[in-house]
Amino acid sequence: MPEFLLLALAAGLGVALATGPLGCFAVWRRMAYFGDTMAHSALLGVTLGLLLDINLNIAVAFGCLAIALILVGLQRSRQLASDTLLGILSHSTLALGLVTISVIGPARLNLTGYLFGDILATSPTDLVAIWIVSTLVIALLIWLWRPLLAITVHEDLAHVEGVNVTLVRTTLMLLMALVIAIAMKVVGVLLITALLIIPAAAARRLTHTPEQMALTATGIGALAVVAGLSASYLWDWPAGPAIVLGTTSIFILSLLKPNKL
């Protein structure tokens with residue numbers, strides 16, 4: 001197997017490790033639109049990183065985290081509904097990113113790679129960053145698993161039971177922002193949310209408990225990575241979209257089984 005394909009496989013599996021359980025919370029808490037907003041802010045992070053001449057991975061991560069914190073602050077003010085705030089931030093960051101791209105010039109930016117992913121160009125540095133972030137996310141999810149489930153079931157009841165709802169919810173949003181930042185390398189800005197939502201949606205129909213759903217979603221994501229990279233290598237398909245099609249195929253198959261959760 002070529003070295004670039006091994007790097008791509010390792011990167012995809014690292015992302016699937018984190019997107020599986022996080023995607024479950026995105027499905028349970030109906031945060032798909034939040035994922036789109038973070039994806040658009042990732043594109044803005046890329047362009048700002050190029051303008052400021054700093055590492056793009058760092059720029060994207062800080063861009064996503066900054067937008068997540070801004071959203072938390074705006075939600076606490078309660079002047080607008082969350083979906084309205086997400087719509088404003090999503091389209092504003094996308095527009096600002098596209099305007100910045102026009103200032104930079106197309107010669108300095110491979111826009112297609114960022115929109116649809118460029119997993120086959122994964123470098124050893126990218127791989128290390130992906131696995132560090134994924135390991136950190138999984139460790140924090142394990143530590144906060146019960147509080148996260150509590151606020152997902154009923155935030156007011158969780159607050160009565162002593163859970164710091166604001167802190168746990170903010171942590172979840174920041175973790176999702178970090179994972180979206182690293183997932184951009186795999187499936188691109190336009191398809192990031194699909195990698196979060198589709199494996200979790202498929203796993204929901206195949207499992208009985210939250211823990212089973214999280215593990216199954218991770219497995220589905222990993223299987224889709226293998227299938228997508230195989231299709232890319234054998235038939236010259238674009239790798240990012242092929243991975244998403246892999247998750248979609250598994251979801252369609254899951255519809256054959258009645259939902260049990």
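User: Happy to look at this with you! Where is threonine 122 placed?

Analyst: Good place to start, bearing in mind that this is a predicted model. Threonine 122 does not stand alone in its segment, since leucine 120 is found there too, between helix 5 (111–116) and helix 6 (124–143). The place of threonine 122 is the loop between helix 5 and helix 6.

User: Does threonine 122 count as buried or exposed?

Analyst: The cut-off for buried is under 20% relative accessible area. Threonine 122 has 5% relative accessibility, so this residue counts as buried.

User: Which backbone oxygen does the side chain of threonine 122 reach?

Analyst: Polar contacts are pairs of N or O atoms within 3.5 Å. The side chain of threonine 122 has such a partner at 2.5 Å, the backbone oxygen of isoleucine 119.

User: Which residues does threonine 122 touch, not counting those up to four places away in sequence?

Analyst: Contact here means heavy atoms within 4.5 Å. With residues up to four places away set aside, threonine 122 touches Leu7, Ala8, Ala11, Leu127 and Lys185.

User: And leucine 120, is that buried, exposed or partly exposed?

Analyst: Buried ends at 20% and exposed begins over 50%, with partly exposed in between. Leucine 120 has a relative accessible area of 32%, so it is partly exposed.

User: Which residues make the nonpolar surface patch of about 770 Å²?

Analyst: Leucine 120 is one of them. Helix 11 (residues 210–235) gives the largest share, three residues. The full membership is Phe4, Leu120, Tyr233, Leu234, Trp235, Trp237 and Leu245.

User: Tryptophan 235 and tryptophan 237 are both in that patch. How are their rings arranged?

Analyst: Let me take the aromatic pairs in order: the whole structure has three. The rings of phenylalanine 25 and tryptophan 145 have centres 5.3 Å apart and planes at 75°, so that pair is edge-to-face. For tryptophan 235 and tryptophan 237, the centres are 5.4 Å apart and the planes at 45°, so the pair is tilted.

User: How many residues apart in sequence are the parts tied together by phenylalanine 25 and tryptophan 145?

Analyst: Both of these residues, phenylalanine 25 and tryptophan 145, are buried. Phenylalanine 25 lies in helix 1 (residues 3–28) and tryptophan 145 in helix 7 (residues 145–153), so their pair ties together parts whose separation in sequence is 120 residues.

User: Which residues form the aromatic cluster?

Analyst: Rings pair if their centres lie within 6.5 Å. Phenylalanine 25 and tryptophan 145, with centres 5.3 Å apart, belong to the cluster. Together with one further tryptophan, the cluster is Phe25, Trp28 and Trp145.

Methods: Residues numbered from 1 in each chain as written. Predicted model: local features only at pLDDT ≥ 70, side-chain atom pairs only at ≥ 80, totals over all residues. Heavy atoms only, no water. Patch = residues over 30% accessible without salt bridge, like charges linked within 9 Å, V, L, I, M, F, W, Y side chains within 5 Å. Areas by Shrake-Rupley, 256 points an atom, 1.4 Å probe, with all protein chains shown as cover. Salt bridge = Lys/Arg side-chain N within 4 Å of Asp/Glu carboxyl O. Helix = DSSP H or I, 4+ residues; strand = E, 2+ residues; numbered from the N terminus. Buried < 20%, exposed > 50% of the residue type's maximum accessible area, 1.4 Å probe, protein only. Polar contact = N/O pair within 3.5 Å; in protein donor to acceptor, adjacent residues only side chain to side chain. Phe/Tyr/Trp six-rings, centres within 6.5 Å; stacked < 30°, edge-to-face > 60°.
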